[in-house]
Amino acid sequence: MDYEMEELVPLVGKLAEKYTGHESTSITYEKAEQLMEAVIYCIREGEQSVKNPLTAAQKMPAQQAYEIGFTCVRKKAETALELYNSILSGTEMLTESEKLSESEMIQKSEIRQGFDTFENRCFYDTVVKGIPEFFKWYDPVFEPQNTILTLDYPVLKDLSAYAGIDRIYEYIRCIELEQCFLGIFPGNHVKTVLCRYDDRYRSMIENICEIVLTDTLGHMMVRKPLQEVICMEDCSRMQELLCRKDVREITALLQEMLKAFLEQYYKADGELTEYLEYSLQNLSIRLKNAAEHGSIPGIFSHMG
Amino acid sequence: MSQDWMILLQKQNQLGKLIETNRTTQQYGLTLSEEDAQLILKECGNSLREQKRVEFGEGITPKIIYEFCDSEYIDQNDYADTIIRLQEIFYLYKNEMQDEITDDELLHLMKEQFEKVCFGDLDYLEGSCLSDFAKAIRAGYGEYKSTDGYGEYSRFQDGRGWNYEWYLEALKELF
């Protein structure tokens, strides 16, 4: 719903008075622009939360749209915080004796997960240390559009279109999905894969899920148990297979394998599938390129 | 983002408010004609643009007038020009003090300095007293908050009351 500047300016004026505590009659251009963005952000947030957008004839006053949107922003911040806390607290971690081997994977209804940073510094700094700072400093009144954090740990979904609490909420959702996926694997499997990929994995700034997913799909492609290492012979077989396919076909193959994996070891979760699929296009291109140049081993390891 | 919408933020009917101040200021021998008031508002807009600020609500000019109207250094001859200069100085120092100071605190400070240190010299007010105070605020000084800007005039005098260039200027005016 588009509002004219004449409708928005009075809201900015009220926000400016509030911002200055009624103790100033002027603000800088920079501050005025920030407050205008705050008004627009809240109105947009409110519009996105409505299932049936209003028609032009039903258009509500800007003040009302802003108040509804502001309530949505605050609710989203509360929801994001609750979600974050639930991810971090997790449920009881399984002991080693309770964890099943690959052949006895935990059934989808019995998955229990605890939060794990896998000793990756970037992940820890961003998720464990960084996100609480967001909630501490986030200003839903005067700057709801500010994301505050740089979110250095990369997730698979492109969040560049989001800002403020929207971006943080989406980011936390991505982390939740990653923890779900990584929680499928037993014991130290994830760290083993990461170490095989790069023994400096603790200090790397790469998506952990993507590395584990790539390894998993690679094993599936050559029908090898996960705990065994992909050898040169496996890479040759993969190269032979992939050379015969174009990128689109490779993507389709990866999607099929991903779906089969999740259905067997997790659940038919559209959300997790959709999230992991964000990495498949890029993986397909890398695999095709690697197959054409005989560098398939480099997909699974950055070492040697 | 286009800044045209900021012009909309400036409240209307400021002209009426300015003329209204005559009811108080006339006891001090100061009145504004409609022409004066329009000039003051026009210059106010220029100052705001120059300082990249936008005004909302009532505007600061009536407050400046009420604060300074009883000054012994303002008379009818230079009334409008003085108000225009005070507006410029006000917006300049709101920026220089990084909006750490409220309107009232700055006005009270300006008035005290104008009366007791600068003896009505606007150049000295702009170039010395307030400049020193702004530096202090940027460095974290905040005691003025407890006094609403009053009683600060003696704190920042650093003995620079004598300025060679101003001395030459004063000499030229005398002769």
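**View 1. Two strands from two chains pair up.** In this predicted model, β1(A) and strand β1 (residues 53-55) of chain B run antiparallel to each other and are joined over 3 bridges. Which residue of β1(B) stands opposite A:Thr28? Look for B:Arg53, which is in β1(B). If you'd like to place these strands in their chains, chain A has 12 helices and 1 strand, while chain B has 10 helices and 1 strand. Along the sequence, chain A reads α-β-α-α-α-α-α-α-α-α-α-α-α, and chain B reads α-α-α-α-β-α-α-α-α-α-α.

**View 2. Here is where chain A meets chain B.** Chain A puts 16 residues into the contact, and chain B puts in 23 residues. On the side of chain A that touches chain B, the elements giving two or more residues are α1 (5-19), β1 (26-28) and α2 (29-49) of chain A. Which of them gives the most? That's α1(A), with 7 residues. As for what kinds of residues sit on this side of chain A, there are 7 nonpolar, 5 polar and 4 charged ones.

**View 3. A nonpolar core takes in residues of both chains.** The largest nonpolar core has 107 residues, and the ones with the most contacts inside it are A:Val12, A:Leu35, A:Val39, B:Phe90 and B:Met110. Helix α5 (residues 164-182) of chain A hands over the largest share of this core, 9 residues. Why does the core lie between domain 1 (1-96) and domain 2 (99-175) of chain B? Both domains give residues to it, so it lies between them. Here's a handy background idea: in soluble globular proteins, nonpolar side chains tend to be buried together. For the chains as wholes, 32% of the 304 residues of chain A count as buried, and 32% of the 175 residues of chain B do.

**View 4. Inside chain B, two domains touch.** The domain assignment splits chain B into domain 1 (1-96) and domain 2 (99-175). Where they meet, 13 residues of domain 1 are in contact with 15 residues of domain 2. On the domain 1 side, α5 (61-68) and α6 (79-96) of chain B are the elements that give two or more residues. The largest share of that side, 6 residues, comes from α6(B). Sort the residues on the domain 1 side by type and you get 7 nonpolar, 1 polar and 5 charged. It's also worth knowing how far contacts reach along chain B: among those between residues at least 6 apart in sequence, 69% join residues at least 24 apart.

**View 5. A:Arg44 and A:Tyr278 are two partly exposed residues of chain A.** You'll find A:Arg44 in helix α2 of chain A. Is A:Arg44 buried or exposed? The answer is in between: 18 other C-beta atoms lie within 10 Å, so A:Arg44 is partly exposed. From A:Arg44 to A:Asp2 is 42 residues in sequence and 9.6 Å in space, C-alpha to C-alpha. A:Tyr278, meanwhile, lies in the loop between α10 (270-277) and α11 (280-293) of chain A. It counts as partly exposed because it has 16 C-beta neighbours inside 10 Å. Leaving out residues up to four places away in sequence, A:Tyr278 touches A:Leu156 and A:Lys157. A:Tyr278 and A:Cys180 are 98 residues apart in sequence and 16 Å apart in space, C-alpha to C-alpha.

**View 6. Two loop residues of chain A have a positive phi.** Most residues other than glycine have a negative phi. A:Glu119 isn't a glycine, yet its phi is positive, about 65°. A:Glu119 sits in the loop between α3 (62-89) and α4 (121-137) of chain A, and it is partly exposed because 13 other C-beta atoms lie within 10 Å. A:Arg223, also not a glycine, has a positive phi of about 50°. Its place is the loop between α7 (208-221) and α8 (232-243) of chain A. With 8 C-beta neighbours inside 10 Å, A:Arg223 counts as exposed.

**View 7. One stretch of chain A comes with low confidence.** The mean pLDDT of chain A is 88, and 88% of its residues reach 70 or more. Where does the pLDDT drop below 50? That happens over residues 91-112 of chain A, a stretch with 26 contacts in the model beyond near neighbours in sequence. Where pLDDT is low, the predicted coordinates shouldn't be read in detail.

Note on methods
Residues numbered from 1 in each chain as written. Chains lettered and ligands numbered in written order. Predicted model: local features only at pLDDT ≥ 70, side-chain atom pairs only at ≥ 80, totals over all residues. Contact = placed C-beta atoms within 7 Å. Helix = DSSP H or I, 4+ residues; strand = E, 2+ residues; numbered from the N terminus. Nonpolar A, V, L, I, M, F, W, Y, C, P; charged D, E, K, R; others polar. Pairing = 2+ DSSP bridges. pLDDT = per-residue confidence, 0-100. Core = buried A, V, L, I, M, F, W, Y, C linked by C-beta atoms within 7 Å. Buried ≥ 20, exposed ≤ 12 C-beta atoms within 10 Å, placed from the backbone. Domains from an automatic or database assignment.
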